[in-house]
Every structure is written in C-alpha cells, then in structure tokens.
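Please open the model in a viewer and keep the sequence panel at hand. The tour proceeds by selections, each followed by a short account of what is found there.

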Amino acid sequence: MERKFRLVLSCPDRVGIVAMVSNFISSHGGSISDANQHSDSSSGYFFMRVEICATTLPYSLAEFKEAFAPIAQSFNMNWEVTDSAQPKKVILMASKESHCLADLLYRYHEGELDCEIVCVISNHDDLRSMVEWHKIPYHHVPVDKENKQPHFDKVSHLIREHDADVVVLARYMQILPTDICAAYTHRIINIHHSFLPSFAGAKPYHQAHERGVKLIGATCHFVTEELDAGPIIDQDVIRITHRDEPEDMVRLGRDVEKTVLSRGLRWHLEDKVLVHGNKTVVFN
C-alpha cells in the first residue's frame with residue numbers, strides 16, 4: 001500500500017480554507033490522492049480530511065507539521081497529520097463473549113485492519129487459547145467484585161506499558177472508571193446493542209422478544225464518563241419478525257454488533273472520524 005500522510009482538521013468555517021490547504025500541498029509538490037470536506041451549518045464548523053502521497057513531498061512528517069502549523073494557527077484549526085506507515089497500536093479488551101473479539105482477530109489476521117494489536121486484556125481466562133493462536137499476548141486480569149480498583153490499576157498500567165493508541169472494548173463487561181476515560185478521550189471504542197435504554201439489564205434480547213420489537217441493531221461509539229453516551233461512530237440495524245425466537249435475535253444481534261464494531265474501528269484507524277462536541281463527522 002502506498003504510503004500516505006493523512007491530514008484531518010476542523011475549524012470555524014470561513015472562505016478560503018480549502019484553497020489554502022490545497023495550495024500549501026501543491027506548492028510543495030504534494031499529490032492529493034483523496035479529499036473530503038463538510039461544512040456544518042448548525043455549528044458553523046468546517047471539517048476536512050486529505051490524503052497526500054508521502055513520496056511526493058520533500059519532507060518528513062515532523063517537517064510537514066512544522067511547515068503547516070502557521071496555516072493551522074491562522075485558521076484556528078484543531079488538526080492532526082499521521083503517517084500510514086506507522087500503524088496504530090491497539091489493545092482489545094473482552095470478558096467471556098467471543099464474537100466481537102474473534103471477528104476483530106480474524107480481520108486482523110487477514111490484513112483488513114491496518115494496525116498492530118499489541119495485546120488482549122480480559123477479566124476472564126476463557127478466550128486465552130483463541131488469542132494466543134494468533135500469537136498475541138493475553139493478559140488475564142481478574143476482577144474482585146468487592147474491590148475493582150486493583151483490576152483497573154492493572155488495566156491502566158498495561159495500556160501505558162504498551163503505549164496504546166486505541167483501546168477497543170470487544171464486549172468487555174466492566175464499566176471503566178472516570179480516570180481511564182478521561183486519560184484516553186476519543187481513544188476508547190465500545191459497542192452496545194440497540195435496546196438501551198429501553199431494555200437494560202439481563203437478557204435484553206429476551207425482553208425485546210416479549211415486547212415484539214421489529215428491529216435490532218448496534219451502536220459503536222467512543223467511551224466517555226457517561227455510560228454509553230459518547231460520540232457515535234457507526235450504527236446499523238437488521239429487521240426481525242414474529243417468527244424469530246430470542247435465540248435467533250441473539251445470533252442476529254451478535255452479527256450486527258461485530259460488523260459495526262469492526263467498521264467503526266477501521267474508520268478510526270484510517271483517521272476518518274472527526275469528533276466535534278458529542279458528535280462525529282465520518283468520512284467513510
């Protein structure tokens with residue numbers, strides 16, 4: 001895959017942003033291979049993502065940042081530029097359910113996810129053999145229901161130790177404490193079924209079956225201090241009928257969960273997700 005610099009930015013909308021960015025790149029001989037932009041009329045903000053063929057530029061990533069900084073400052077931009085040759089480091093977290101974890105490991109094994117999965121952390125030991133088959137380190141960190149802090153201290157230590165760029169909660173059934181959420185803002189991705197808040201608690205698919213719902217789905221989002229309320233990256237649904245038993249709904253729900261989670265993670269790895277407040281702009 002050709003090496004790219006990915007420039008993503010947001011700023012108050014005004015005339016001349018696209019021209020300034022494209023002129024900056026072209027004036028240094030850079031070739032733009034992909035570009036997307038969006039003006040949000042409700043917030044008055046502008047969003048942009050540009051892929052530049054790295055070999056067409058005369059400087060390194062650090063030099064690019066230094067040269068672009070004055071332009072970014074003049075437009076009051078929130079911006080970042082990344083190098084596709086430096087894959088993001090990812091930590092996966094799980095509990096006992098395997099469908100999301102197994103799907104991400106498979107896609108990683110097949111080269112669908114451009115990243116480095118540095119380890120898997122779980123509060124149970126059930127999924128160890130599957131993870132280690134992929135030659136990925138597995139950390140079993142048990143949870144004491146009476147005192148969960150040692151578990152979270154170890155989790156925080158492992159994230160720092162592996163210098164993770166992204167943490168993915170692949171059906172990890174613990175609520176992360178405030179300090180971890182705050183330390184990794186917009187760097188922790190979670191998945192939950194579409195029945196929240198209507199059918200919270202145990203056996204949500206059975207509750208939904210009793211209610212006669214006709215759609216089930218899943219939401220992939222960034223983790224914040226407020227449970228399941230972070231900026232949404234992706235959602236999807238699947239239609240069901242009166243013929244579907246609770247077991248069918250669980251199976252279908254798992255299918256949509258793993259699809260939405262892998263899609264959301266891939267977009268994040270490719271720097272296609274821009275966060276503004278509690279919303280996202282996704283250039284998919």
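Two strands are said to pair if DSSP finds at least two bridges between them. With that term in place, the tour of this predicted model can begin.

**Pairing at one edge of a sheet**

Select valine 120 and tyrosine 138: the bridge partner of valine 120 is tyrosine 138, in strand 7. Now widen the selection to strand 6, residues 115-122, which pairs with strand 7 in the parallel sense over three bridges.

**The seven-stranded sheet**

Next, display the open sheet of seven strands, whose order is 7-6-5-8-9-10-11 and whose pairing is mixed. At its edges are strand 7 (138-140) and strand 11 (232-239), each of which pairs on one side only. Neighbouring strands of this sheet are turned by 20 degrees against each other on average, direction ignored.

Add helix 3, residues 99-109, to the view. Helix 3 lies across strand 5 (88-94), strand 6, strand 8 (166-169) and strand 9 (188-193). Relative to strand 6, helix 3 runs at about 155 degrees.

**The four-stranded sheet**

Turn to the open sheet of four strands, with the order 2-3-1-4 and antiparallel pairing. Strand 2 (32-40) and strand 4 (78-83) each have a single partner strand, so one side of each is left without a neighbour in the sheet. The twist in this sheet averages 5 degrees from one strand to the next.

Within this sheet, select strand 2 together with strand 3, residues 45-53; the two run antiparallel and are joined by eight bridges. Serine 39 can be picked out here, standing opposite phenylalanine 46 in strand 3. Then add helix 1, residues 17-27, which packs on the sheet and touches strand 1 (4-12), strand 2 and strand 3. The direction of helix 1 makes about 15 degrees with that of strand 3.

**The aromatic cluster**

Show the side chains of Phe5, Phe24, Tyr59, Phe64, Phe68 and Trp79, which form one aromatic cluster. The count of aromatic pairs in the model comes to seven.

Why is the pair of phenylalanine 24 and phenylalanine 64 edge-to-face? Their ring centres are 5.6 Å apart and their planes stand at 85 degrees, so the pair is edge-to-face, since planes over 60 degrees apart count as such. This pair links distant parts of the chain, with phenylalanine 24 in helix 1 and phenylalanine 64 in helix 2 (residues 61-74), 40 residues apart.

Phenylalanine 24 also pairs with phenylalanine 68: the ring centres are 5.3 Å apart and the planes at 65 degrees, so this pair is edge-to-face. Phenylalanine 68 is in helix 2, 44 residues from phenylalanine 24.

Are these rings' residues buried or exposed? Phenylalanine 24 is buried, with a relative accessible area of 6%. Phenylalanine 64 is buried at 0%, and phenylalanine 68 counts as buried at 0% relative accessibility.

**The whole protein**

Finally, zoom out to the full chain, which has eight helices and 13 strands. The radius of gyration is 21 Å, close to the 19 Å that the globule rule gives for 284 residues, so the protein is as compact as a globular protein of that length. Its C-alpha atoms fill a box of roughly 60 × 40 × 35 Å, taken along the principal axes.

Buried residues make up 47% of the 284 residues. The protein exposes about 14200 Å², of which carbon and sulfur atoms supply 48%. Among contacts between residues at least 6 apart in sequence, 67% join residues at least 24 apart.

Terms used:
Residues are numbered from 1 along each chain as its sequence is written. This is a predicted model: local features need pLDDT of at least 70, side-chain atom pairs count only at pLDDT 80 or more; totals for chains, interfaces and linings use all residues. Side-chain values use heavy atoms; hydrogens and water are left out. Axes are lines fitted to C-alpha atoms, for helices over the stretch in contact, and angles run from 0 to 180 degrees between N-to-C directions. Contact means heavy atoms within 4.5 Å. The radius of gyration is taken over C-alpha atoms; the globule rule is 2.2 Å times the number of residues to the power 0.38. Buried means under 20% relative accessible area, exposed over 50%, partly exposed in between (1.4 Å probe, protein chains only). Accessible areas come from the Shrake-Rupley method with a 1.4 Å probe; for residues, only the protein chains shown count as cover. Rings of Phe, Tyr and Trp (its six-membered ring) pair if their centres lie within 6.5 Å; planes under 30 degrees apart count as stacked, over 60 as edge-to-face and the rest as tilted.
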